[in-house]
Amino acid sequence: MSDFSRRDFLKVATSTAGGLMVGFPLLSMGVSKPYEAKQITAREINAWLVIEPDETVLIRIAKAEMGQGVMTSLPMFIADELEADWRKIKVEYADVNRSALRGQLYGDMTTRLSNSVSESRLMMHAAGAEARERLIKAAAETWGVRPEDCYADYGRVYQNSGAQSLGYGEVARLASEVSVANVKIKTPEFYSTLGLATPRLDVPAKVDGSAVFGIDVRVPDMVYATVLHNPVPGAGLQSMRFNAIRHMPGVIRALRLGDAIAIVAETFWQAKRAADMLPVYWKSNEGNKRFDDTIKREFFEKLPSPGEVMMRKGDINQLMDDAERSIESDYYVPYVAQAPLEPLNCTVHVQEERVDVWVGHQDPEGVMDVVAQLTGVSRYKVFVHNCFMGGSFGRRSHMDFVIEATRIAIQIGRPVQMIWTREEDMRAGGYRPMSAMRFKAGFDVEKNLTVITNHSVTHSIEYDQDKNATGVDEASVEGLVDHPYRFPAYSFSHSRLNTHLKSWWWRSGGHSINAFAMECFIDELAAAAEQDPLDYRKFLLRDEPDYLRVLDQLERKSLYRKRRPRRNTDVGMAIHKSYGTLVAVVAEVTVESNGGMRVDKLTAAVDCGNVANPMTAEEQVEGSLLFGLSATLYGKLTVEAGRILEDNLDTYEILRMEETPEVEIHWELSGGEHWGGLGEPATAVVAPAVCNALYKITGRRIRSLPVRDYYLTVK
Amino acid sequence: MRFNVNDEDIEVDVDPETPLLWVLRDNLHLTGTKYGCGIGACGACTILMNGHPIKSCLTTAEASQGYNIQTIEGLSENASHPIQLAWIEGDVPQCGYCQSGQIMTAVALLNDKANPSDEDINEAMQNICRCGTYSRIRAAIKKVARERADS
Ligand code: FES
Ligand code: FES
């Protein structure tokens with residue numbers, strides 16, 4: 001530990017009535033930015049954990065809680081090493097400014113790609129272990145015995161002889177002053193907390209209304225703003241007539257924000273009402289006034305072109321010519337919205353020397369930097385108070401709404417809470433990209449697959465962000481280029497096609513698009529080869545023991561091989577790996593004679609290596625499956641004259657209780673050093689499993705989403 | 001305007017047309033009641049008026065006068081209502097944003113039907129949960145019904 005952080009500790013220790021802070025420069029070697037002492041208070045400390053004299057253990061987490069349970073699963077890593085009494089654990093977010101000042105002390109604080117556990121894990125193990133050794137050493141010094149003769153358990157240090165014990169809180173102050181070296185983290189067989197089903201720590205605050213989401217922040221003297229965007233994205237603002245609303249109650253100002261307008265008022269409702277009444281003349285951009293059909297056609301027209309070849313094996317053209325039989329199928333997915341239930345919002349207070357931002361965001365460091373840039377205030381004076389997120393699913397990693405709120409706050413000079421109405425949230429969205437792709441396959445006379453080709457055409461998120469981006473956007477082809485199947489010869493190529501709409505991350509990213517097409521086409525291959533889809537996958541995956549193991553588990557545990565209760569009920573399956581986690585699923589589906597369909601059950605087999613908290617893990621997989629199902633059945637944004645038609649939750653339907661199938665999850669954990677993500681992977685397999693089941697019942701392939709375009713959904 | 005919120009008489013200066021949701025959130029700072037859609041489609045704003053579940057985004061301040069308005073904050077001290085306890089025990093919330101509305105709707109359902117069937121639950125619980133906590137919500141409701149029957 002450097003002298004510098006040593007000093008931090010001492011300051012901290014005295015400022016918190018003898019608490020122990022453990023925070024060590026795991027990633028901050030050689031970085032020494034001046035630390036501003038006035039920021040140190042008992043609750044704003046650069047450290048992973050605090051032990052109070054009353055035995056409370058305060059643990060800092062560096063990832064954001066958006067429903068996925070990190071506020072519980074991450075502290076488990078520290079608590080386990082610490083041998084803490086779990087009932088004494090409290091959690092708060094790690095301080096973004098401290099992390100910035102100390103060279104990313106807390107690592108990458110962005111929550112994305114289902115990375116929370118895999119990225120934070122080692123730091124948290126180390127933090128807990130170091131604290132444990134310090135506490136043991138402090139207790140040993142107190143007693144005048146050797147640390148080797150003591151051990152820690154359940155929040156206390158004991159002498160091996162059993163003679164005496166001390167609570168962590170009693171030795172915390174001393175523990176912050178001793179030094180320890182060569183601290184070892186536990187090996188899995190000694191885990192005590194990890195792997196136990198542990199109720200979420202954030203639940204009590206979420207059942208009595210006390211949990212503070214971004215939209216719930218109330219700052220003294222705060223005003224509200226709402227924003228209007230041109231419903232045709234990118235077309236711009238012509239003019240508005242503020243005089244028509246200036247005398248409405250509570251209205252403070254209208255601001256032009258580039259292509260958007262903000263209305264500021266004393267309450268949100270006053271702002272919204274004024275916004276509804278404001279005469280606005282949007283510019284029109286003929287090029288952007290496109291319709292669903294025309295956009296779709298653009299995607300399909302690109303399919304025959306060769307695209308940029310990403311991987312290729314064999315003489316494709318020759319093999320296709322030689323094929324005894326060939327099949328060709330086009331797949332397509334529309335734009336879809338994340339639609340987190342809490343509409344986007346951000347509260348900003350800009351002052352001369354500091355800026356405060358209250359927001360639920362997946363990337364608080366990014367928020368800090370963006371706000372610093374816009375306000376010209378040093379990033380170390382931009383304080384990001386990350387709040388609970390009322391869902392995100394990728395949406396709350398975009399900076400668009402933070403930028404708007406900041407621009408408003410700069411001009412208003414009072415704290416401003418900007419809330420996008422649900423309608424703006426839907427219309428000014430950053431959507432999961434639209435995509436079309438073409439598969440072809442050739443078979444020999446014995447029905448053996450000889451060659452497969454794929455050309456995907458997808459809206460690139462990267463290109464939306466950076467018009468200089470070249471080459472293939474990896475996110476567009478994830479799940480395609482890294483597929484596990486053993487094809488004798490193949491070609492995978494890609495083309496980019498961006499429209500005027502803005503694309504962004506959506507739970508499980510490109511995987512949800514590509515797994516749909518890929519896993520449906522695998523079923524088509526199986527049919528052409530006259531084989532059962534599960535058996536056929538086992539054949540194509542014969543070199544992949546992990547996949548085979550998960551498939552075996554799924555086969556054993558699901559209804560796949562069982563007799564169907566009814567003729568109009570059948571099962572479909574899919575398997576896909578993303579974010580280090582393998583998920584296979586069987587969907588049991590019923591089609592009624594009136595053309596209605598229903599998903600009765602989803603059975604999943606999951607291998608993510610290890611699981612920190614089986615409870616939140618199960619919740620995440622279930623939630624991901626249902627998120628996937630919602631998009632499978634309903635997910636579609638319709639473009640009409642350039643604008644999105646589905647502007648609220650009546651038209652943009654979301655799965656409800658009555659449509660929710662039974663869900664069964666089986667863990668097939670491979671263990672070892674592998675900790676795969678759980679917040680997203682199960683989303684991607686649902687659409688293909690459901691569509692494959694529908695084919696078995698009706699003989700009709702569904703190659704575009706949502707399913708509602710083909711079937712009524714019955715409850 | 002005068003309201004009775006969580007057993008307290010409160011006077012607030014608002015336009016009578018203001019939806020009750022915003023009176024609760026912006027004037028009274030009772031932020032447990034949530035805004036999700038503003039058009040009655042999601043149920044996040046559900047509160048009880050004389051015990052009935054009402055979407056506060058569709059109910060004006062004027063129309064709320066004279067009723068007993070109950071919000072999540074007024075449901076119990078220390079989250080001790082049986083529904084809240086079942087929610088905690090069942091580890092129901094994920095992001096948690098829909099849960100105030102879910103809980104208030106469930107309270108009304110169980111007051112109405114002591115032992116709701118699956119169909120009753122489907123019919124009453126039309127609230128959207130974007131995180132997909134539906135099966136845990138169902139289980140928690142059934143647990144409360146069972147416990148009430150036992151006692
Ligand atoms: S906010 Fe009232 S129903 Fe959605
Ligand atoms: S818990 Fe997130 S919307 Fe229901």
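# Close-up views of a predicted model

**View 1. Glu308(A) and its partner across two strands.** Glu308(A) stands opposite His494(A), a residue of β21(A). This view, like all the others here, comes from a predicted model. The two strands involved, β13(A) and β21(A), the latter covering residues 490–496, run antiparallel and are paired over five bridges. If you are new to sheets, it helps to know that their strands pair through backbone hydrogen bonds, in either a parallel or an antiparallel way.

**View 2. The five-stranded sheet around that pair.** Step back a little, and an open sheet of five strands appears, in the order β13-β21-β20-β19-β14 of chain A, with mixed pairing. At its edges stand β13 (308–313) and β14 (325–333) of chain A; each has a single partner strand, so one side of each has no neighbour in the sheet. From one strand to the next, the twist averages 10°. Now look for helix α14(A), which lies across β14, β19 (435–443), β20 (449–458) and β21 of chain A. The helix runs at about 155° to β14(A).

**View 3. A second open sheet, with seven strands.** Follow the order β10-β11-β8-β18-β15-β16-β17 in chain A to trace this sheet, whose pairing is mixed. Which strands form its edges? They are β10 (251–257) and β17 (382–386) of chain A, and each of them pairs on one side only. Neighbouring strands here are turned by 20° against each other on average, ignoring direction.

**View 4. One edge of the seven-stranded sheet and a helix packed on it.** Strand β16 of chain A, residues 355–359, pairs with β17(A) in the parallel sense, over five bridges. To find a matching pair of residues, start at Asp356(A): its bridge partner in β17(A) is Phe383(A). Helix α9 of chain A (residues 364–375) packs on the sheet and touches β15 (345–350), β16 and β17 of chain A. The direction of α9(A) makes about 145° with that of β17(A).

**View 5. Aromatic rings that gather, and charges that sit over a ring.** Over all chains, the structure holds 19 aromatic pairs. One cluster to look for is made of Tyr331(A), Phe439(A), Phe516(A) and Phe521(A), linked by ring pairs. Then turn to the ring of Tyr463(A). The charged end of Lys467(A) sits over this ring, 4.9 Å from its centre. The charged end of Arg496(A) also sits over the ring of Tyr463(A), at 3.7 Å from the centre.

**View 6. Helix α18(A) and its surroundings.** This helix has 13 residues (686–698), and at 1.5 Å a residue it should span 18 Å. Its end C-alpha atoms are 18 Å apart, so the expected span and the model agree. The buried residues of α18(A) include Val686(A), Val690(A), Cys691(A) and Leu694(A). Where do the buried residues of α18(A) pack? They pack against α14 (509–528), α15 (533–540), β22 (569–578), β23 (581–591), β24 (596–607) and α17 (614–634) of chain A. After the helix comes Gly699(A), with a positive phi near 75°.

**View 7. Phe627(A), buried or exposed?** Find this residue in helix α17 of chain A. Phe627(A) has a relative accessible area of 1%, and values under 20% count as buried, so Phe627(A) is buried. Leaving aside residues up to four places away in sequence, Phe627(A) touches Gln338(A), Phe393(A), Trp506(A), Arg507(A), Thr683(A) and, from chain B, Arg130(B). Be careful with the number 130, though: Glu130(A) is 40 Å from Phe627(A), C-alpha to C-alpha, and 497 residues from it in sequence.

**View 8. Three loops with special backbone geometry.** Most peptide bonds are trans, and most residues other than glycine have a negative phi. In the loop between α18 and β28 (712–713) of chain A lies Pro706(A). A cis peptide bond, with omega about 0°, joins Leu705(A) to Pro706(A). Glu55(A) lies in the loop between β2 (49–51) and β3 (57–61) of chain A and has a positive phi near 80°. With 18% relative accessibility, Glu55(A) counts as buried. The loop between β5 (150–153) and β6 (156–159) of chain A holds Tyr154(A), whose phi is also positive, at about 50°. Tyr154(A) is partly exposed, with a relative accessible area of 49%.

Terms used:
Residues numbered from 1 in each chain as written. Chains lettered and ligands numbered in written order. Predicted model: local features only at pLDDT ≥ 70, side-chain atom pairs only at ≥ 80, totals over all residues. Heavy atoms only, no water. Pairing = 2+ DSSP bridges. Helix = DSSP H or I, 4+ residues; strand = E, 2+ residues; numbered from the N terminus. Axes fitted to C-alpha atoms, helices over the stretch in contact; angles between N-to-C directions. Contact = heavy atoms within 4.5 Å. Phe/Tyr/Trp six-rings, centres within 6.5 Å; stacked < 30°, edge-to-face > 60°. Lys NZ or Arg CZ within 6 Å of the ring centre and 35° of its normal. Expected span 1.5 Å × (residues − 1). Buried < 20%, exposed > 50% of the residue type's maximum accessible area, 1.4 Å probe, protein only.
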